[in-house]
Amino acid sequence: MPAEAEPTVTRCREIGDAALRALLEPLGMRVAVVDDGVEIPGSYWGETEAGLIGATLYVRSDTPVHSALHEACHWLCADEARRATMHTNAGGEDVEEHAVCYLECLLAARLAGYTRAQCFADMDAWGYHFILGSAQAWFEGDADDAIAWLERRRPPGY
C-alpha cells in the first residue's frame with residue numbers, strides 16, 4: 001500500500017497483542033511487538049504494515065489487524081521450505097494470494113476483539129480490489145479457487 005494513503009482500519013492497539021498471540025502462537029508463529037515509531041522488520045509495504053521474517057510476525061500498535069493476519073496467513077500457507085526462508089516478500093502464485101486472503105477472513109472470526117465483518121471492511125478500506133466490488137462479496141461468491149487451494153494444502157488454521 002502506498003505510504004501516502006493511511007486508511008481508517010482496525011489497529012492492533014484496539015485488540016491487543018495478547019489476542020494475536022493466542023490465535024497465532026498455537027499455529028507455530030511468534031508475534032513480536034515493535035515499539036511505536038520504530039521501523040517494522042520484514043514489512044513489505046513499510047510504514048505501519050506488518051512484517052514477516054521466518055516464523056516471526058512483527059507488528060506495532062498502529063499496524064492494521066488485517067495486515068497482521070494477512071502476513072501470518074502467508075506463512076501459514078507456505079510449505080516448510082518457503083517458511084524457513086521467508087523474509088519480507090512472502091512470494092507465491094496468484095491463487096495462493098487468494099488463499100491467503102480467504103484464510104485471513106476465516107481467522108478474523110477467531111481473533112478476540114475482531115470480526116470477519118471488520119476484516120472485510122478493513123480490506124476494502126485498505127484497497128483490496130475484487131471483481132465483485134468488495135471483500136465480502138468475493139469471500140461469499142467468488143473464492144472457489146482459494147477454497148480449492150486451501151482444501152488441497154490444509155495449512156495450519158484452516
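**Figure 1. Secondary structure of the protein chain in the predicted model.** Eight helices and three strands make up the regular elements of the protein chain. Read from the N terminus, these elements follow the order α-α-β-β-β-α-α-α-α-α-α. The radius of gyration is 14 Å, close to the 15 Å that the globule rule gives for 158 residues, so the chain is as compact as a globular protein of that length. Along its principal axes, the C-alpha trace extends over about 40 × 35 × 30 Å. Of the 158 residues, 50% are buried. Among contacts with a sequence separation of 6 or more, 59% join residues 24 or more positions apart.

**Figure 2. Surface and charge of the protein chain.** The chain exposes about 7300 Å², and carbon and sulfur atoms contribute 50% of that area. Its side chains include 12 positive and 26 negative ones. The centres of these two sets are 7 Å apart.

**Figure 3. Helix α5 and the elements that cover it.** Helix α5 comprises 15 residues, 94-108. At 1.5 Å a residue it should span 21 Å, and its end C-alpha atoms are 21 Å apart, so the expected span and the model agree. The buried residues of this helix are E96, A99, V100, C101, Y102, L103, E104, C105, L107 and A108. Cover for these buried residues comes from elements including α2 (17-24), α3 (65-77) and α4 (80-85). Further along the chain, α6 (116-126), α7 (135-141) and α8 (144-153) are also among the covering elements.

**Figure 4. V95, a partly exposed residue of helix α5.** V95 is found in helix α5. Its relative accessibility is 22%, and because buried means under 20%, V95 counts as partly exposed. Leaving aside residues up to four places away in sequence, V95 touches D145 and W149. A148 is 53 residues from V95 along the chain, and the C-alpha atoms of the two are separated by 9.5 Å.

**Figure 5. Surroundings of H74 in helix α3.** H74 belongs to helix α3. With a relative accessible area of 5%, H74 is buried. Apart from neighbours within four places in sequence, the contacts of H74 are L52, M86, A90, G91, E96, E97 and V100. Two of these partners, E96 and V100, are listed among the buried residues of α5.

**Figure 6. Surroundings of W138 in helix α7.** W138 lies in helix α7 and is buried, its relative accessible area being 4%. Residues up to four places away in sequence are not counted here; beyond them, W138 touches H98, C101, Y102, F130, L132, A143 and A146. C101 and Y102 also appear among the buried residues of α5. W138 and F120 are 18 residues apart in sequence, with a C-alpha to C-alpha separation of 9.7 Å.

**Figure 7. R110 in the loop between α5 and α6.** R110 has a relative accessibility of 46% and counts as partly exposed. Setting aside neighbours within four places in sequence, R110 is in contact with L23 and G157. From R110 to L69 the sequence separation is 41 residues, and the C-alpha atoms are 11 Å apart in space.

**Figure 8. Y158 and R154 in the segment after α8.** Y158 is placed in the segment after α8 and, at 28% relative accessibility, counts as partly exposed. Not counting residues up to four places away in sequence, Y158 touches L103, L106, I147, L150 and E151. One of these partners, L103, is a buried residue of α5. G54 lies 104 residues from Y158 along the chain, and their C-alpha atoms are separated by 20 Å. R154 is likewise placed in the segment after α8. The phi angle of R154 is near 50 degrees, a positive value in a residue other than glycine.

**Figure 9. Backbone of E47 in the loop between β1 and β2.** E47 is situated between strands β1 (30-33) and β2 (51-53). Its phi angle is near 55 degrees, a positive value in a residue other than glycine. At 49% relative accessibility, E47 counts as partly exposed, because the exposed class begins over 50%.

How values were computed. Residues are numbered from 1 along each chain as its sequence is written. This is a predicted model: local features need pLDDT of at least 70, side-chain atom pairs count only at pLDDT 80 or more; totals for chains, interfaces and linings use all residues. Side-chain values use heavy atoms; hydrogens and water are left out. Helices (H or I, at least four residues) and strands (E, at least two) are DSSP runs, numbered from the N terminus. The expected span of a helix is 1.5 Å times one less than its number of residues. Buried means under 20% relative accessible area, exposed over 50%, partly exposed in between (1.4 Å probe, protein chains only). Contact means heavy atoms within 4.5 Å. The radius of gyration is taken over C-alpha atoms; the globule rule is 2.2 Å times the number of residues to the power 0.38. Accessible areas come from the Shrake-Rupley method with a 1.4 Å probe; for residues, only the protein chains shown count as cover. Lys and Arg count as positive and Asp and Glu as negative; His and the chain ends are not counted. The place of a charge is taken as NZ of Lys, CZ of Arg, CG of Asp or CD of Glu.
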